[in-house]
Amino acid sequence: MTSELQRVIDRHVAQGTAPGIVVATGSTEEPTRFLHAGDLSIDAIARIQSMTKPVLAVATLRLIQGGMLTLDDPVERWVPELANRRVLRSPDGPLEDTIPAERPITVRHLLTNTSGYGMMTSDCPLQRAMIANQTQAGQEPVALGAQVWVAALSDLPLAFQPGTGWRYHHSFGLLGILLSRLVGGDLARHLREDIFAPLGMHDTGYTVPTAQAHRLPAAYRHLPNGPLVEVEPAGSGFYVAPADFDLSHAELVSTVSDYAAFARMLAASGWHGGQRLLEPGLLELMRSDQIPQELKTADSFFPGFWNETGWGFGVAVQTSGAQAGRYGWSGGLGTNVHIDPDGSFQVLFTQVEMGPQLMGLLAEVQ
């Protein structure tokens, strides 16, 4: 299997899918194995973007485990900017056509992307307003600090009543801000002490230390006709010298070995080094589909997303088919993790924006 996987990633580098690919595979019964092809080294510190979401989910569940909050706590307890929400009568309707929220946004709503905030998938007044106030999600790093970002987002109405729809991304920015305030204002420190240090994830954080900047590879995208172009330079840019603002709503950098340690802990039912980091019941909620069928609408995400797929806490979940029970998530710069019910896992890193070429690579390696 390892030799076949090596042939796959070698071929994808040769055909121009990505300049480099690194993969970690393992299971609870086997050591982690690392493969690489092209010019991406195994110790590269990569931009993992939305693979931050499973990390924040685990951080939240550990705080629930410690009695510091519950799934059904109202978010406004820590983020008062989200009290007294207004809700659009129709998600694509005029911004002034609103009604009061029927219920508060809860921690559960954030973990499941059902808060009422999120990416709008078609042109509408709310999408245009998010673009105008710099809260729309995209491939670029965050443009606003956490406090300014949440203030800007709270100026906008919800697309739907909390718990009655699904939209991607923004709930986890809000979750990061909530966690930051809950733990005293330094989410980076909390994650380092509570998760990263126990798991040996020494190169994971919101920024790359200047002394390690040489380990940050360039980022790329495919032009419509196929060739790769560089969109962020190696060894510099936002993640080495970030804007001087709070990044608790932003996304992490990591190495394939660091993230493999995180995946191994999940594969081992929350255990690491003789210590249980996550209780069984909470882990089961995380890796189980939490989204009612009526919320899995075609306009909620990209076409076909909900085919044999659900959403747990920070992860997609395969609900049927040959890979039923598999869970994990991807990052927009061509990174991916999945964990299987048999205790096996795989982590893959590139630094190329998601598109048809990268989706083809992920389909093959999975």
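Which residues does Gly-145 touch, not counting residues up to four places away in sequence? The answer is reached at the third stop of this tour, which is made through a predicted model.

**The whole chain**

Begin with the entire protein in a cartoon representation. Its secondary structure amounts to 10 helices and 15 strands. The radius of gyration is 20 Å, close to the 21 Å that the globule rule gives for 366 residues, so the protein is as compact as a globular protein of that length. Along the principal axes, the C-alpha atoms fill a box of roughly 60 × 50 × 45 Å. Among contacts with a separation of 6 or more, 67% join residues 24 or more positions apart.

Next, switch to a surface representation. The accessible surface is about 14500 Å², and carbon and sulfur atoms hold 53% of that area. Of the 366 residues, 54% count as buried. Colouring by charge brings up 24 positive and 37 negative side chains, and the centres of the two sets lie 3 Å apart.

**The nonpolar cores**

Hide the surface and select Phe-262, Leu-266, Met-286, Trp-311, Val-347 and Phe-349. These are the residues with the most contacts inside the largest nonpolar core, which has 92 residues. Then add helix α8, residues 256–267, which supplies the largest share of this core with 9 residues. A second core, separate from that one, has 16 residues; Leu-35, Leu-348, Leu-358 and Leu-362 are among them.

**Gly-145 and helix α5**

Select Gly-145, in the loop between α4 (125–132) and α5. With a relative accessibility of 9%, Gly-145 counts as buried, because the cut-off for that class is under 20%. The opening question can now be answered: Gly-145 touches Phe-245, Asp-246 and His-249. A distance drawn between the C-alpha atoms of Gly-145 and Phe-245 reads 4.9 Å, although the two residues are 100 residues apart along the chain.

Continue into α5 itself, residues 146–154, where Ala-146, Trp-149, Val-150, Ala-152, Leu-153 and Ser-154 are buried. Display α6 (170–182) as well, since this helix is included in what covers the buried residues of α5.

**Thr-60 in helix α2**

Move to helix α2, residues 52–65, and select Thr-60 within it. Is Thr-60 buried or exposed? Its relative accessible area is 0%, and Thr-60 is therefore buried. Show side chains for Leu-69, Val-107, Leu-111, Leu-175 and Leu-179, with which Thr-60 is in contact once neighbours within four places in sequence are left aside.

**Two residues with positive phi**

Most residues other than glycine have a negative phi. Two selections depart from that pattern.

- Asn-113 has a phi near 60°. This residue lies in the loop between α3 (107–111) and α4, and at 0% relative accessibility Asn-113 counts as buried.
- Glu-308 also has a phi near 60°. Its place is the loop between α9 (280–286) and β11 (309–311), and at 42% relative accessibility Glu-308 counts as partly exposed.

**Pro-209**

End the tour at Pro-209, in the loop between α7 (187–199) and β6 (219–222). Its relative accessibility of 47% makes Pro-209 partly exposed. Finally, select Tyr-239, which lies 30 residues from Pro-209 along the chain; the C-alpha atoms of the pair are separated by 8.8 Å.

Technical notes. Residues are numbered from 1 along each chain as its sequence is written. This is a predicted model: local features need pLDDT of at least 70, side-chain atom pairs count only at pLDDT 80 or more; totals for chains, interfaces and linings use all residues. Side-chain values use heavy atoms; hydrogens and water are left out. Helices (H or I, at least four residues) and strands (E, at least two) are DSSP runs, numbered from the N terminus. The radius of gyration is taken over C-alpha atoms; the globule rule is 2.2 Å times the number of residues to the power 0.38. Buried means under 20% relative accessible area, exposed over 50%, partly exposed in between (1.4 Å probe, protein chains only). Contact means heavy atoms within 4.5 Å. Accessible areas come from the Shrake-Rupley method with a 1.4 Å probe; for residues, only the protein chains shown count as cover. Lys and Arg count as positive and Asp and Glu as negative; His and the chain ends are not counted. The place of a charge is taken as NZ of Lys, CZ of Arg, CG of Asp or CD of Glu. A nonpolar core is a set of buried Ala, Val, Leu, Ile, Met, Phe, Trp, Tyr and Cys residues joined through side-chain atoms within 4.5 Å.
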